[in-house]
Amino acid sequence: MKKFLLSLLFLIPLSGFAQKGMQGVGVNFGLGSCFLHGDYAYSYGVSYQNFVTDRFRLVSSLEVLDYTYEGMWHSNYVEDVLASSYLLVVEGHYFFNDIRRLRPYVVGGVSVGFLETTGGHHIDYGSREPWIEFAGGVKLGVGLNYRIGYHLTAQLEVPVHLVYYNPLFTPSLGLVYTF
């Protein structure tokens, strides 16, 4: 019985640092560019995070990716198109080290949603009507988790979103409240 009580004395303080089973909600904002067209891109969203183990976190988020581009449309030049992707993203974060204040991780996930484009001026036909299409994609990248306090964490991610046919590079900064 003494061994059991002594082991509890050592395990109870250590369990306060474990993250398995913790959950969190967060917000993020990112700014970057579209690889194909070189124009700006930005993202913002909200997320729900669940630590499956101390090294693996499952994240589901609603994200909006906005970007402009100039390009071809039915073999004619189109300029100044604003594209917005509204996505539900499910991703996994795998941490390289044990629980510390600063933890690097890799990001991998899939997204599904729709792409809305507005604006654009066709050389031969004038302005185009806005249209909405299905948009699915992949999100890959790396991140850095910095624990500010027991319940507050800052996250810096450098992902590449492959949405529809546009690869978007949007480094983002987020804050997460864990409970």
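## Salt bridges at a glance

Using a cut-off of 4 Å between a side-chain nitrogen of Lys or Arg and a carboxyl oxygen of Asp or Glu, the count comes to four salt bridges. Please keep in mind as you read that this is a predicted model.

## A link between two loops

Let's start with Asp98 and Arg55, which form a salt bridge whose closest N and O atoms are 3.0 Å apart. Asp98 sits in the loop between β4 (76-95) and β5 (102-122), while Arg55 sits in the loop between β2 (40-51) and β3 (56-73), so this pair ties together parts that are 43 residues apart in sequence.

Are these two residues buried or exposed? Asp98 is partly exposed, with a relative accessible area of 46%. Arg55 also counts as partly exposed, at 26% relative accessibility.

## The network around Lys139

Next come the charged residues of a network: Glu63, Glu91, Lys139 and Glu157 are linked by salt bridges. In one of these contacts, the side chains of Lys139 and Glu91 meet at 3.1 Å, N to O. Lys139 belongs to strand β7 (residues 131-147) and Glu91 to strand β4, so the salt bridge ties together parts that are 48 residues apart in sequence.

Lys139 also meets the side chain of Glu157 in a salt bridge, here at 3.6 Å from N to O. This pair links distant parts of the chain, with Glu157 in strand β8 (residues 152-163) and Lys139 in strand β7, 18 residues apart.

How accessible are Lys139, Glu91 and Glu157? Buried means under 20% relative accessible area. Lys139 counts as buried at 4%, Glu91 is buried with 3%, and Glu157 counts as buried at 7%.

## The strands that carry Lys139 and Glu157

The strands holding Lys139 and Glu157 are β7 and β8, and these two strands form a hairpin with four residues between them. They pair in the antiparallel sense over 11 bridges. Among the paired positions, Gly141 has Pro159 in β8 as its bridge partner.

Which other strands pair with β8? One of them is strand β10 (residues 172-178), which pairs with β8 in the antiparallel sense over six bridges; Thr153 stands opposite Val176 in β10. Another is strand β9 (residues 166-169), also antiparallel to β8, over four bridges. In β9, Phe169 is the bridge partner of Val160.

Methods
Residues numbered from 1 in each chain as written. Predicted model: local features only at pLDDT ≥ 70, side-chain atom pairs only at ≥ 80, totals over all residues. Heavy atoms only, no water. Buried < 20%, exposed > 50% of the residue type's maximum accessible area, 1.4 Å probe, protein only. Pairing = 2+ DSSP bridges.
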